[in-house]
Amino acid sequence: MSRAFNFSAGPSALPLPVLRKVQEELLNYRGTGTSIIEVSHRSDQFLEIAHRTEQSLRELLAISNDYWVLFMQGGSTLQFALVPLNLSRQGETVEYLCTGEWSSKAIREAARVRRAHVVATATNNIPSPSSWNRAENSRYLHVTSNETISGVQFHEFPSNLDVPLVADMSSDLLTRVVDVSQFGLIYASAQKNIGPSGLTIVIVRKDLCRPLEEGDSEYLNYRAHADTQSMYNTPNTFAWYVAGLVIDWVKKSGGVEEMQRRSVEKASRLYEVIDRSNLYSNTVDPRFRSTMNVTFSIEDETLRQAFLSEAEHANIKHIRGHRMVGGFRASLYNAVEWESVRALIRFMQEFEKERVGK
Ligand SMILES: *Cc1c(COP(=O)(O)O)cnc(C)c1O
């Protein structure tokens with residue numbers, strides 16, 4: 001069986017042992033005679049998976065009982081609206097730091113329902129908290145922990161904020177050590193490091209969540225999901241099941257500490273190659289370069305085309321940059337093995353040697 005060196009940004013690579021397990025269990029889940037995707041979400045088989053996945057995630061990230069862990073649908077994009085709706089009331093102010101495309105989308109959505117105040121804007125770095133133009137009486141401050149499109153990442157989160165910190169960790173949850181108690185809310189759609197698309201994990205401090213009030217939609221209220229163990233309606237059972245296997249795989253592989261060690265290693269080796277080269281360049285402030293999405297460009301248009309087609313021949317897939325920014329992007333999520341990164345590095349070095357000589 002030949003598998004590609006897959007650098008897709010999302011949906012993205014899953015750990016091979018997880019895919020094998022899914023394949024092995026797909027027709028007959030642990031002797032039940034049915035697939036796990038053919039039975040009720042309220043069946044004993046599925047409830048066991050649901051419960052165990054939540055427990056494993058709580059252990060992995062040391063999430064206390066002050067937080068709900070919700071398994072939702074609608075992607076992180078739905079959270080762009082649900083966060084302001086649940087953590088603040090009409091007319092109240094909420095703060096956002098804008099560091100790229102995903103922050104912008106979150107801000108756009110928040111501004112439709114609340115007074116969204118932007119504390120600072122940047123595209124290739126993270127402005128220091130001391131430079132932020134803060135609002136008075138805001139309900140929370142939202143950051144995008146890793147900007148998946150440009151490859152800009154927080155390596156240290158602001159501490160001692162006077163309002164709850166909310167983070168979109170869609171592309172780096174489970175890849176690094178985080179102190180959950182530092183946050184009011186963390187959300188992440190699954191398709192980067194957690195599982196298939198169609199599942200979103202929300203970790204939220206219970207006391208911050210607004211109760212259901214006259215005029216509110218029940219479905220859009222976190223409490224409705226918390227009160228029903230995320231089964232207010234039919235969840236994405238397949239994605240939840242696979243996420244459970246991925247979380248177990250992370251645990252067995254050494255937990256988030258080990259994932260962080262591997263991520264730093266993979267990314268720094270790739271940045272080294274870019275920095276030493278005369279062909280590739282990365283424009284992110286080195287202090288905020290992402291360990292997850294390494295972006296780079298090639299100035300010459302014909303070389304760009306050749307790079308992509310030769311990469312394809314070398315079995316290196318999905319390294320085209322996001323359609324909004326162009327260039328190239330190698331996503332180095334947890335399931336992307338060192339072997340893939342090594343193949344990419346070799347390819348990049350050889351391509352440069354052949355095309356520009358060095
Ligand atoms: C992928 C991504 C999203 C969007 O997730 P959807 O599941 O498509 O809604 C939001 N924020 C970040 C940082 C992402 O990487």
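This passage looks at the ligand and its surroundings, then at helix α9. The structure is a predicted model, in which local features need pLDDT of at least 70, side-chain atom pairs count only at pLDDT 80 or more, and totals for chains, interfaces and linings use all residues. Residues are numbered from 1 along each chain as its sequence is written, and side-chain values use heavy atoms, with hydrogens and water left out.

Around the ligand sit 14 residues, and T77, T148, D168, Q191 and K192 come nearest (a residue is near if one of its heavy atoms lies within 4 Å). By type, the shell splits into two nonpolar, 10 polar and two charged residues; here Ala, Val, Leu, Ile, Met, Phe, Trp, Tyr, Cys and Pro count as nonpolar, Asp, Glu, Lys and Arg as charged, and the others, Gly among them, as polar. Helix α3 (residues 75-87) supplies the largest share of this shell, four residues; helices are DSSP runs of H or I with at least four residues, numbered from the N terminus.

Oxygen atoms of the ligand also pair up with specific protein atoms. A polar side-chain atom of T148 is 2.5 Å from one ligand oxygen, an N or O atom in the Q191 side chain is 2.9 Å from a ligand oxygen, and a backbone N or O atom of S76 is 3.1 Å from a ligand oxygen. On its own the ligand has 390 Å² of accessible area, and the protein covers 86% of that (Shrake-Rupley method, 1.4 Å probe).

As for helix α9 (residues 338-356), its 19 residues should span 27 Å at 1.5 Å a residue, and the end C-alpha atoms are indeed 27 Å apart, so the two agree; the expected span is 1.5 Å times one less than the number of residues. Buried residues in α9 include V341, L344, F347 and F351, buried meaning under 20% relative accessible area (1.4 Å probe, protein chains only). Just after α9, G357 takes a positive phi of about 70°.

How values were computed:
Helices (H or I, at least four residues) and strands (E, at least two) are DSSP runs, numbered from the N terminus. Buried means under 20% relative accessible area, exposed over 50%, partly exposed in between (1.4 Å probe, protein chains only). A polar contact is a pair of N or O atoms within 3.5 Å; within protein, one must be able to donate a hydrogen and the other to accept it, and residues adjacent in sequence count only if both atoms are side-chain atoms.
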